[in-house]
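Me: I have a chain to go through with you. Let's take it by short questions, each with its reasoning.

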Amino acid sequence: MMRKSRAKSQDNFGNNIVTNPFRLSARRLQLIVRAMKFLRVPIFLSLLLCAASAFAGNSVVNLSHYDLMRVDFEAMKREGVVGVIHEATYPRFDRDAYYRTRQTAAMRAGLLWGAYHFADATDPIAQAEHFLNVVSANWRGPGVQPGGVLLVLDFEKNGHYPGGTMRVDQAARFVERIKQRTGKYPGVYGSENRLRAVMNAPGVSRADKAVLGNCWLWIANYHYQPTPSSPWSHWRLWQYTGDGKCDLRPRSAYPIRVANIARAERNIFRGSNEALADWWEEHAWLPTE
């Protein structure tokens, strides 16, 4: 997750722009081309966006203690958001002070809930234990019965917390520990360029890459549709905007705000909202298990 404290000029991604995030089937393209002969351009663009929406839902928001406002989760729900992934823990062994109260509010609004850990280069097993203990201790807000928590390793460069940046081998040990404790592999989050660089760096073992390949991928790129590299063949979530940064157009298809958050961190799921709900339930952890 791009942190709010980063410089506005920082760019970890590419520079090409592709405005259509999903390929269309040949049949859909044929129908759209025929429609161009009879419809004005604005109507054609609307048809194109509708076709793309059949493959994707712009329906996940991520938050952390850097988001200082009182979040309107009811408004999020009305605007089509399905799930929220919130920072739970970060270096060194800190817990996000907003996590518990926002979990309660989000669940009461009918939103799915997820948690992520911002990693460092210290003992990955201790980090995984701390993360799971915090999530488990806070997973029920007053009067709320969540169906489970989607877990994520935030595997990005650590330039503003103590402890250094997590290595690939440490990330593999972290996700293995999560799997041992929960029976579920977590998601792995990172920017497209950094993931490609670290996963293909000299000294990275095939075994560690294979372990991380068991995790679902959450990839960030604010300029164009990302293309994952080994060990992942595809992404599940695409963070296309954060802290107001987004080069994709048309803006109506890639909003940078949601509810009362003017510069949100928003994500596209590869699939419909119905598929997202099913997938979330399948990959979520019930802390009592």
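Reply: One definition to begin: a contact means heavy atoms within 4.5 Å. The model is a predicted one.

Me: Which elements do the buried residues of helix 6 pack against?
Reply: Buried means under 20% relative accessible area. In helix 6 that covers Val168, Gln170, Ala171, Ala172, Phe174, Val175, Ile178 and Thr182. These residues pack against strand 4, helix 5, strand 5, strand 6 (187-191), helix 7 (192-199) and helix 8.

Me: What phi does glycine 183 take, just after helix 6?
Reply: Helix 6 has 15 residues and reaches 21 Å from first to last C-alpha, close to the 21 Å expected. Glycine 183 comes just after the helix. Its phi is positive, about 80 degrees.

Me: Is aspartate 208 buried or exposed?
Reply: Aspartate 208 sits in helix 8 (residues 206-212). Leaving out residues up to four places away in sequence, aspartate 208 touches Val168, Asp169, Ala172 and Arg173. Its relative accessibility is 10%, so aspartate 208 counts as buried.

Me: How far apart are the end C-alpha atoms of helix 5?
Reply: Helix 5 runs over residues 124-138, which is 15 residues. The expected span is 1.5 Å times one less than the number of residues. That gives 21 Å, and the model agrees: the ends are 21 Å apart.

Me: Which residue caps the N-terminal end of helix 5?
Reply: Look at the backbone nitrogen of isoleucine 125. A side-chain oxygen lies 3.0 Å from that nitrogen. The oxygen belongs to aspartate 123.

Me: What covers the buried residues of helix 5?
Reply: The buried residues of helix 5 include Phe131, Leu132, Val134 and Val135. Polar and charged side chains are on the list too, among them Gln127 and Glu129. The cover includes strand 2 (83-90), strand 3 (94-95), helix 4 (99-108), strand 4 (112-118), strand 5 (149-154) and helix 6 (168-182).

Me: Which residues line the largest cavity?
Reply: There are 3 cavities of 30 Å³ or more. The largest has a volume of about 50 Å³. By class, its lining has 3 nonpolar, 3 polar and 2 charged residues. They are Tyr90, Pro91, Arg92, Phe93, His117, Asp120, Thr122 and Gln127.

Me: Where is the peptide bond that is cis, with omega near -20 degrees?
Reply: Arginine 92, in the loop between strand 2 and strand 3, is one partner. The bond leads into arginine 92 from the residue before. It runs from proline 91 to arginine 92.

Me: What is the relative accessibility of phenylalanine 93?
Reply: Phenylalanine 93 lies in the loop between strand 2 and strand 3. Its phi is positive, near 60 degrees, though the residue is not glycine. Phenylalanine 93 counts as partly exposed, at 45%.

Me: Which residue is joined to arginine 249 by a cis peptide bond?
Reply: Omega of this bond is about 5 degrees. The partner lies in the loop between strand 8 and strand 9. It is proline 250.

Me: Is aspartate 243 buried or exposed?
Reply: Aspartate 243 lies in the loop between strand 8 and strand 9. Its phi is positive, near 55 degrees. The cut-off for buried is under 20%. At 6% relative accessible area, aspartate 243 is buried.

Note on methods:
Residues are numbered from 1 along each chain as its sequence is written. This is a predicted model: local features need pLDDT of at least 70, side-chain atom pairs count only at pLDDT 80 or more; totals for chains, interfaces and linings use all residues. Side-chain values use heavy atoms; hydrogens and water are left out. On a 1 Å grid over the protein atoms alone, a cavity is a set of points where a 1.4 Å probe fits but cannot get out, and a pocket is an open set with protein on both sides within 12 Å along at least five of seven lines; lining residues have an atom within 4 Å of a point. Grid points are joined across faces, edges and corners, and a volume is the space filled by probe spheres set on the points. Helices (H or I, at least four residues) and strands (E, at least two) are DSSP runs, numbered from the N terminus. Buried means under 20% relative accessible area, exposed over 50%, partly exposed in between (1.4 Å probe, protein chains only). A polar contact is a pair of N or O atoms within 3.5 Å; within protein, one must be able to donate a hydrogen and the other to accept it, and residues adjacent in sequence count only if both atoms are side-chain atoms.
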